[in-house]
Structure formats: structure tokens, C-alpha cells
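Welcome, and thank you for taking a look at this structure. Please have the sequence and the 3D view ready, and then read on at your own pace.

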Amino acid sequence: MSVCKSCPWTRAGARLLLSVLSLTLGGWGQSVWANDAMDTLQLHGFISQAWVVSDHNRFFGPSSEDQGSFQFTEIGLNASIRPHRDVLLAAQILSRRAGGERDDMRPELDHGVFDYQAYADATTRIGTQIGRFKNPFGFYNQTRDIAFTRPSILLPQSIYFDRTRSLGLAADGIAVYGEKRIPLGTFRAQVGAGRPQIDDDVSATLGLDGHPGELASDTSFIGQVLYEHPTGNFTAALSAAEVNGTYESSLPGLNDGQMRFQPWILSLQYDQEFWTLTTEYAIRNVALQGFDAPGVDFDIAGESWYVQYLRRFHRDWQWLLRYDVLVSNRDDRSGRWLEARGNGPDHGSYARDLAFGLQWRAHPRLLLSTEYHYVEGTGWLPNQDNPPDETQKYWNMWLFQASWRF
Amino acid sequence: MLPSHAVALSEELLLIVHPSVEHQRITRNTARAVFAMRQRTWPDGQAIHVVVMPNGHPTHERFTKEILGVYPHQLQLSWDRLVFSGTGQAPDQVSTPRSMLERIATTPGAVGYIERGYVDERVQVVPMD
């Protein structure tokens with residue numbers, strides 16, 4: 001993660017976390033709000049370290065070199081408290097490196113929310129989150145950096161890739177959520193409006209990193225509706241977002257332009273005691289508009305899907321098999337047009353990933369995982385580690401990860 | 001110790017709450033939401049305080065599967081997602097039936113489960129529809 005230039009939120013978030021803690025520890029919460037406010041304080045955290053080895057192409061650091069890469073690290077710490085029965089204050093600091101620079105480890109505010117439950121009865125719940133809220137996007141986005149919530153070390157990269165990670169992660173604004181339980185099942189909805197964080201990863205992916213200028217976020221929208229069968233055996237969700245940004249050019253001859261990112265994800269899961277079948281399908285529209293210079297504007301639709309079978313074969317053990325496909329541009333599935341334009345080899349426009357993974361919960365607090373990926377194409381390979389012309393079409397990757405939580 | 005544990009295993013599991021909870025009955029659907037940590041308050045407005053036993057404990061497993069009709073891994077994932085996304089909290093954990101009884105009896109708004117043999121007058125049993 002690089003530092004977000006357009007938002008002073010990191011410091012503000014740290015202050016929020018501190019004030020939550022000091023309010024609580026100072027006992028102020030006890031006297032003014034509820035008697036048991038102090039009892040509701042929870043602290044949780046995790047630390048995950050991976051070792052990545054590949055035969056070709058660099059993934060999250062120098063994975064294809066002698067010793068592989070140890071540059072995939074995730075550390076998080078969160079606090080939450082309920083100072084009032086209808087109020088939840090929650091914040092999390094995240095430090096993450098996935099290749100890139102050592103500087104990326106600088107801790108950032110992952111989320112920091114004031115959550116107010118405005119209405120609740122035996123079957124209904126309506127509330128709002130104000131602050132930096134996590135975007136409900138697909139099944140995994142809200143907790144994508146926490147190994148214990150992932151079925152594998154890497155989430156399906158066709159949808160949860162790192163290239164434009166900052167865009168979808170969280171937004172600074174307001175969200176409204178609702179939940180209704182009827183005998184048929186549970187319906188949940190969440191809509192949010194706010195400013196996303198735009199880091200350098202987005203500029204690089206859009207091809208703007210070579211230009212002197214800055215991509216700033218504008219008001220963006222996200223929404224998800226979810227249905228869950230009463231037993232939890234079947235879940236379906238539809239997520240949509242419109243993420244807007246403005247490119248402010250500082251180069252004479254290149255005017256300002258607009259960025260628009262509109263992803264949709266359909267998510268389906270069937271969950272049994274010993275196995276889980278999951279599939280997600282996504283369409284992403286990405287457009288740059290309003291640039292006078294030729295060749296900068298574009299409007300493309302990308303497509304992703306995966307099917308994943310997870311088997312719990314022993315109390316603390318599970319294995320997983322997944323086939324995951326990314327197409328960066330639906331009008332150029334083979335990448336011929338990409339190559340013709342001189343934007344790197346054709347295999348950079350897609351990726352087909354067959355993955356097999358194994359997880360062992362050695363202890364309730366310790367998760368050990370390994371997985372193997374056979375990949376054709378480099379469509380989701382992070383740009384930062386790989387000059388496009390030096391990538392290989394077919395590659396193999398092994399990952400090992402240890403994750404500890406409290 | 002072992003024989004009495006074996007007896008307890010086959011005993012009926014009950015949903016118990018702190019006496020302050022004004023709840024005559026509870027539906028299975030509501031109980032699921034409560035133990036998934038998605039229902040934060042009782043209908044009378046009081047904050048809900050969920051107490052569970054560890055994953056892998058036979059009583060927790062029985063309660064989850066037989067009473068709630070869900071699997072322990074589903075509850076665990078639900079808690080983890082809430083805790084690490086800033087949308088909720090994790091339940092309190094106790095490791096023995098006696099500490100479960102103690103916690104429910106002394107915590108306003110508390111809800112948990114226990115084998116019938118351990119129940120005493122300090123907690124309220126709530127029948128489930």
C-alpha cells in the first residue's frame with residue numbers, strides 16, 4: 001500500500017482509534033453511557049507471513065528468484081466498543097506489503113466507523129455507518145486481508161486482484177444497512193456513498209503513472225443485496241459500484257480527464273457441513289474520458305469468474321480446488337489488439353488459474369496454508385513487479401503462509 | 001469425571017438468558033441471528049450479550065447443529081467477518097458449563113446454552129419455536 005496523497009485520513013483514523021481507547025480506558029464511557037461499556041471493548045489482531053515461489057514471473061516480490069519472496073505480509077489490529085446499546089465504534093489499523101516497496105508496510109486506517117443502529121425489532125435491523133467503511137463487494141472484499149476469513153492464501157485473483165485494490169477497499173463517507181428475516185430467509189442490503197482511496201496502483205493500471213499528474217477520487221457509490229437461506233446453506237449476493245475519479249494533469253498539452261469504474265459481481269454459495277461450493281461472476285467497466293490527446297481515452301469491459309470447491313476432510317483440515325478466469329477486455333479476449341498497440345504481449349490481457357490449496361488450523365489461533373497455482377496468462381500479475389515484455393505466458397506458483405490471530 | 005461428562009452429552013440442551021431479558025419464546029431464526037452476532041438488541045431494547053463455548057467443544061457443536069441448525073464453521077466465519085470489517089463483535093467465550101451458568105446469571109442481557117442438569121434458578125430458560 002502506498003500512502004494516499006489525497007486523504008489525510010490515516011492520521012485522523014489513528015486519532016479516532018486512540019480516542020476510542022482513551023474514552024474507554026478513562027471510564028468516561030461507563031458513567032455517561034452504559035454500565036457495561038467497558039465490558040464490550042474488544043481487541044483483535046492478526047499477523048500473516050507468506051513465502052511465494054514461482055518458476056516465472058514475479059508475484060508479490062522476487063518470487064521467481066533463488067529464495068522466493070517473503071514480501072507478502074499482513075498485520076492488523078482492531079478495537080471495537082459499544083458505548084451505547086445502539087452504537088458500535090470500530091477501527092482497524094492495517095500494515096500490508098505485497099511486493100512493492102518496504103514503505104508499503106506503513107500502517108494505514110483500514111476502517112474506522114461510527115455505527116448507529118437506528119431501528120431494530122425481532123426480525124428487522126436498520127442502521128448507518130459513518131466514517132471509513134469497508135465496501136461490501138462480493139463474498140470476500142470486506143475482509144480480504146485477513147487470512148482466517150479466506151478459503152485460500154490468495155483470493156481468486158480474477159476478482160480480488162491487487163492492481164486496483166485501493167479503489168474497492170473502503171470509502172470515506174456514509175453507508176446505510178438493513179436486514180430483514182422472514183421464514184423464507186434473511187435479506188440484507190447495504191448502500192454507501194463516499195470517496196474511495198486511490199493509490200498509485202490505480203494510476204499504474206490505467207497507464208497514467210508515466211504522466212505528471214494526480215488521480216483524485218470523487219464521490220462514488222456502492223451497494224449490495226444479499227439473500228441467505230435460514231440454514232445458511234445457500235447464499236446469493238449481487239454487488240455493484242460506481243467509482244469516480246478525476247485525473248488532474250500537470251503536463252502542458254494533457255488536459256484533465258475523468259475515470260469511471262463500474263463493477264458488478266454476482267455471488268453464489270452452497271455450504272454443507274463438509275463441503276462448500278462457491279462461484280462468483282463479475283463484469284467491470286473501466287473508462288477514461290475527456291482527454292483531448294489521442295490514445296488516452298478508453299472504455300472497456302472486463303470479465304471474471306471462478307468456481308471453487310472446498311472440502312473439510314478432517315476437523316481442522318480442508319482442501320480446495322479452484323478454476324479462475326480473468327479477461328481484461330471482452331472485445332479482446334486473446335489480447336491480439338493489446339499486443340498490436342504495443343502494450344505488451346497478448347497473454348497480458350487474460351489469466352486462467354487452476355489452484356489447489358490446503359489449510360490446517362493447527363490451533364484456534366494458528367492457521368497454516370499452502371497452495372499451488374498453474375497459470376496461463378498474466379492478466380492479474382501486479383505491474384509493479386513485472387515489466388510486461390519480460391513476462392512468461394505459462395507459469396507455476398507455490399505459496400506457503402502462517403497466520404496467527406488473537 | 002468421564003462418566004458424568006458422557007451423561008451430560010446426551011442431556012437436553014437449553015437456551016438460557018439472564019433474568020432481565022423479557023423474552024417468553026424465541027424463534028429458531030432469531031436465535032440463529034443472535035448467535036451469528038447479527039442481532040444486537042432484545043425486543044425490549046436491551047443489549048444482547050452472547051456467550052458461547054469454544055469451537056470443537058461437544059456442547060457447542062451440538063447446540064450449533066441440533067438447536068440452531070447451522071454448522072460451527074459458519075458461525076465462526078460470520079464472527080470473523082464482523083470483527084475484521086468493523087460491522088460487529090465476537091461473542092464472549094467460556095470453557096465450562098459452570099462458567100457458562102455463572103456468566104449468564106451475572107450479565108444483564110446475556111444469552112447462552114447449557115445442559116438441563118446444570119440449570120439453576122438464577123437463569124431463565126427460553127423455549128424455542
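What follows is a short tour of the chains, their strands, the interface and the salt bridges.

Please keep in mind that this is a predicted model.

**Chain A and its strands**

Let us begin with chain A, which has 406 residues, 54% of them counting as buried. Its secondary structure comprises five helices and 17 strands. Within chain A, if we take the contacts between residues at least 6 apart in sequence, 62% of them join residues at least 24 apart.

Strands of a sheet pair through backbone hydrogen bonds, in a parallel or an antiparallel way. A good place to see pairing is the run of strands S12, S13 and S14 of chain A. Strand S12 (residues 275-289) pairs with strand S13 (residues 298-314) in the antiparallel sense, over 14 bridges. One pair to look for is A:Arg284, whose bridge partner in S13(A) is A:Gly302. S13(A) also pairs with strand S14 (residues 317-327) of chain A, again in the antiparallel sense and over 11 bridges. Here A:Trp305 has A:Val325 in S14(A) as its bridge partner. A hairpin through two residues joins S13(A) to S14(A).

**The sheet of chain B**

Chain B holds an open sheet of five strands with mixed pairing, in the order S3-S2-S4-S1-S5. Its edge strands are S3 (92-93) and S5 (124-125), each of which pairs on one side only. Strand S1 (residues 13-17) of chain B runs antiparallel to S5(B), and two bridges join them. In this pairing, B:Val17 stands opposite B:Gln124.

**Two loop residues with positive phi**

Each chain offers a loop residue that is worth a look. A:Asn57 has a phi near 65°, a positive value in a residue other than glycine. A:Asn57 sits in the loop between strand S1 (42-54) and strand S2 (69-84) of chain A. B:Met37, also not a glycine, has a positive phi near 70°. The place to find B:Met37 is the loop between helix H2 (28-35) and strand S2 (49-52) of chain B. A:Asn57 counts as buried because its relative accessible area is 6%, under the 20% cut-off. B:Met37 is buried too, with a relative accessible area of 16%.

**Where the chains meet**

How many residues of chain A are in contact with chain B? There are 48, and they touch 32 residues of chain B. Together the two chains bury about 3400 Å², 43% of it on carbon and sulfur atoms. On the side of chain A, A:Arg82, A:Arg181 and A:Glu273 lose the most area to chain B, together 16% of what that side buries.

Between the chains there are 23 residue pairs in polar contact, counting residues at pLDDT 80 or more. Several strands of chain A give two or more residues to this side, including S3 (87-98), S5 (124-134) and S6 (170-182). S4(A) gives the most, with six residues. By class, the side of chain A that touches chain B has 15 nonpolar, 17 polar and 16 charged residues.

**Salt bridges**

Side chains of opposite charge can pair when their charged atoms come close. Over all chains the count is 29 salt bridges, and five of these lie between chain A and chain B. Here are four examples.

| Pair | Closest N to O distance |
|---|---|
| A:Lys134 and A:Asp110 | 2.7 Å |
| B:Arg116 and B:Glu12 | 2.9 Å |
| A:Glu179 and A:Arg188 | 3.4 Å |
| B:Arg38 and A:Glu179 | 3.7 Å |

The pair of A:Lys134 in strand S5 and A:Asp110 in strand S4 links parts of chain A that are 24 residues apart. A:Lys134 is buried at 2% relative accessible area, and A:Asp110 is buried at 6%.

In chain B, B:Arg116 lies in the loop between S4 (110-115) and S5, while B:Glu12 lies in the loop between helix H1 (2-10) and S1, so their salt bridge ties together parts 104 residues apart in sequence. B:Arg116 is partly exposed at 46% relative accessibility, and B:Glu12 is partly exposed at 43%.

Which residues do salt bridges with shared partners join into one network? They are A:Glu179, A:Arg181, A:Arg188, A:Glu228 and B:Arg38. Within this network, A:Glu179 is buried at 6% relative accessibility, and A:Arg188 is buried at 16%.

Notes
Residues numbered from 1 in each chain as written. Chains lettered and ligands numbered in written order. Heavy atoms only, no water. Pairing = 2+ DSSP bridges. Helix = DSSP H or I, 4+ residues; strand = E, 2+ residues; numbered from the N terminus. Buried < 20%, exposed > 50% of the residue type's maximum accessible area, 1.4 Å probe, protein only. Contact = heavy atoms within 4.5 Å. Buried area = accessible area lost by both parts, 1.4 Å probe. Salt bridge = Lys/Arg side-chain N within 4 Å of Asp/Glu carboxyl O. Polar contact = N/O pair within 3.5 Å; in protein donor to acceptor, adjacent residues only side chain to side chain. Nonpolar A, V, L, I, M, F, W, Y, C, P; charged D, E, K, R; others polar.
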